[in-house]
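Please open the model in your viewer and keep the sequence panel beside it, since each stop on this tour begins with a selection.

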Amino acid sequence: MPSSPRRVALVTLGCGRNEVDSEELAGRLAADGWELVVDAADADVAVVNTCGFVEAAKKDSIDTVLEAAQLKGNGRTRAVVAVGCLAERYGETLADALPEADAVLGFDDYESISDRLRTIIDGGTVPAHVPRDRRRLLPLAPSERQAGTQHIPGHIPGHVAVPDLPDGVAPASGPPRVRLSAGPTAALKLASGCDRRCTFCAIPSFRGSFVSRRPSDVLAEARWLAENGARELFLVSENSTSYGKDLGDLRLLETLLPELAAVEGVDRVRVSYLQPAEMRPSLVDAITSTEGVVPYFDLSFQHSSASVLRRMRRFGDTGRFLALIETIRVAQPAAGIRSNVIVGFPGETEDDVAELERFLIGARLDAVGVFGYSDEDGTEAAGLDGKVEEAVVRERVERLTRLADELVAQRAEDRLGETVDVLIESVEPDGTAEGRAAHQAPEVDGSTTVRGGRLVVGQLVRATVVGTDGADLVAEAVA
Ligand code: SF4
């Protein structure tokens, strides 16, 4: 038996869903006696929770594993293990290509993560994950999936009182959770997987079919998060608009939102990953008129040319998307609306790009992510004809990014004089505070600098917008 507890560091890449998964892994490890450390150099084993969505994210993940691997033999670090979407998606292929990683584990290894890591640092080997299409692991009929016994990362069953757990570990009847950041915002999983078939996307193959978490589990975890410092709950999934479809209620999100907002200690609830094709008036109403739910719409339009959207196996066009945005802004003019778009999709013409520019100009979104198309292994689009040359894709990304930055800056200027509620996330020694207004989600939508007042992290402060810098705002705290 080691004289001191074994130490593990979790390095999380990718999105809010990965953040939740890392906290589940941390909870399991802490509950089994591991000491959690922040710096991989202080750990016996560094666990890199990878992202496998697109090329750039894959490269970041591999670079991070290589970086951690350089620590081995230079101090305490004895092993580096890859988990997460890239590991799940490529498994043994990744292990063969990346010998610097001591193991490549899949989602099915999460329940036994402590044993896996112990075997590795005791000099044993753990076979690399063998990827498979996770959609085949659950019944086709959504209503039959709840009975599935497959462990789904981050789906932590309801929290019940369990005595004598180490500080900071969430009591739960299933896998515990540990908060790895003390910030005022916490990601909370609503569901996992996706039943849509967008031709450019591989996510359903490695995250599986759509499965909702039971409201009681989501609420129990929300209470625990609030007791542990979360003021804003950032609801994540692959497709939040489908929440409840496998629980017999397609409008379950409209019911759950006010319940989450009523959790003691929670100031804000934010929904992410909304599918335009599944938006409905009752959901627009719930998000724009429920006390404690921020009027924020993360709508991934991806494009607005009808012909390109059809090749993506997606619904919609410029007219219908602008009508949806109009419906939202009539309900709440200050609502935040963000989106991602892909340019350079196979078959995209200059007319299609012009159509997308027309949409962005009409939409005046608060934040826009512009991505260049690239073939993804195992996707339908990888086999499509009409591939756009890489140089043309790059040129279109630059052109649309310039346009989007200009429009987003104008939209921010529209907010001059507006009163916003800012959740403070950091305070400088000179008192300058940084945070996010209701239309700004973590990491992707810009931030707000608040002047005036002695502010603290986690405080929700009312302020008047007095300046802008691109998507960022500057605001004066209202006395
Ligand atoms: S909605 Fe489309 S893009 Fe999003 S996860 Fe599902 S298949 Fe992928």
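Begin by selecting H303, which is buried, with a relative accessible area of 0%; bear in mind throughout that the model is predicted. H303 sits in the loop between β11 (296-298) and α9 (306-311). If you display side chains here, you will find a polar contact of 2.7 Å between those of H303 and E348. Leaving aside residues up to four places away in sequence, H303 touches V308, L309, M312, F321, I342, E348, D352 and L356, so showing these as sticks gives the surroundings of this buried residue, whose relative accessible area is 0%.

Next, select residues 45-50 and 79-84, which are strands β3 and β4, paired in the parallel sense over 6 bridges. Within this pair, T50 stands opposite G84 in β4. Widening the selection brings in an open sheet of 5 strands, in the order β2-β1-β3-β4-β5 and with parallel pairing. At its edges are β2 (35-37) and β5 (103-104), each of which pairs on one side only. Helix α1 (residues 16-31) packs on this sheet and touches β1 (7-12), β2, β3 and β4, while its direction makes about 175 degrees with that of β1. Add helix α4 (residues 113-121), which lies across β1, β3, β4 and β5 and runs at about 150 degrees to β4.

From β4, step back to T77, in the loop between α2 (55-69) and β4. Is T77 buried or exposed? Its relative accessibility is 2%, and because buried means under 20%, T77 counts as buried. Not counting residues up to four places away in sequence, T77 touches A40, A41, A43, D44, L71 and K72.

Now move to strand β9 (residues 232-236), which runs parallel to β10 and is joined to it by 4 bridges. E232 stands opposite R268 in β10. Strand β10 (residues 268-271) is covered on both faces, with R268 and R270 on one side and V269 and V271 on the other, all of them buried. As a general point, the side chains of a regular strand alternate between the two faces of the sheet.

Finally, select the ligand and ask which residues are around it. They are C194, R196, C198, F200, C201, I203, P204, Q275 and R314. Colouring this shell by class gives 6 nonpolar, 1 polar and 2 charged residues.

Notes. Residues are numbered from 1 along each chain as its sequence is written. This is a predicted model: local features need pLDDT of at least 70, side-chain atom pairs count only at pLDDT 80 or more; totals for chains, interfaces and linings use all residues. Side-chain values use heavy atoms; hydrogens and water are left out. Two strands pair if DSSP finds at least two bridges between them. Helices (H or I, at least four residues) and strands (E, at least two) are DSSP runs, numbered from the N terminus. Contact means heavy atoms within 4.5 Å. Axes are lines fitted to C-alpha atoms, for helices over the stretch in contact, and angles run from 0 to 180 degrees between N-to-C directions. Buried means under 20% relative accessible area, exposed over 50%, partly exposed in between (1.4 Å probe, protein chains only). A polar contact is a pair of N or O atoms within 3.5 Å; within protein, one must be able to donate a hydrogen and the other to accept it, and residues adjacent in sequence count only if both atoms are side-chain atoms. A residue is near a molecule or strand if one of its heavy atoms lies within 4 Å of it. Ala, Val, Leu, Ile, Met, Phe, Trp, Tyr, Cys and Pro count as nonpolar, Asp, Glu, Lys and Arg as charged, and the others, Gly among them, as polar.
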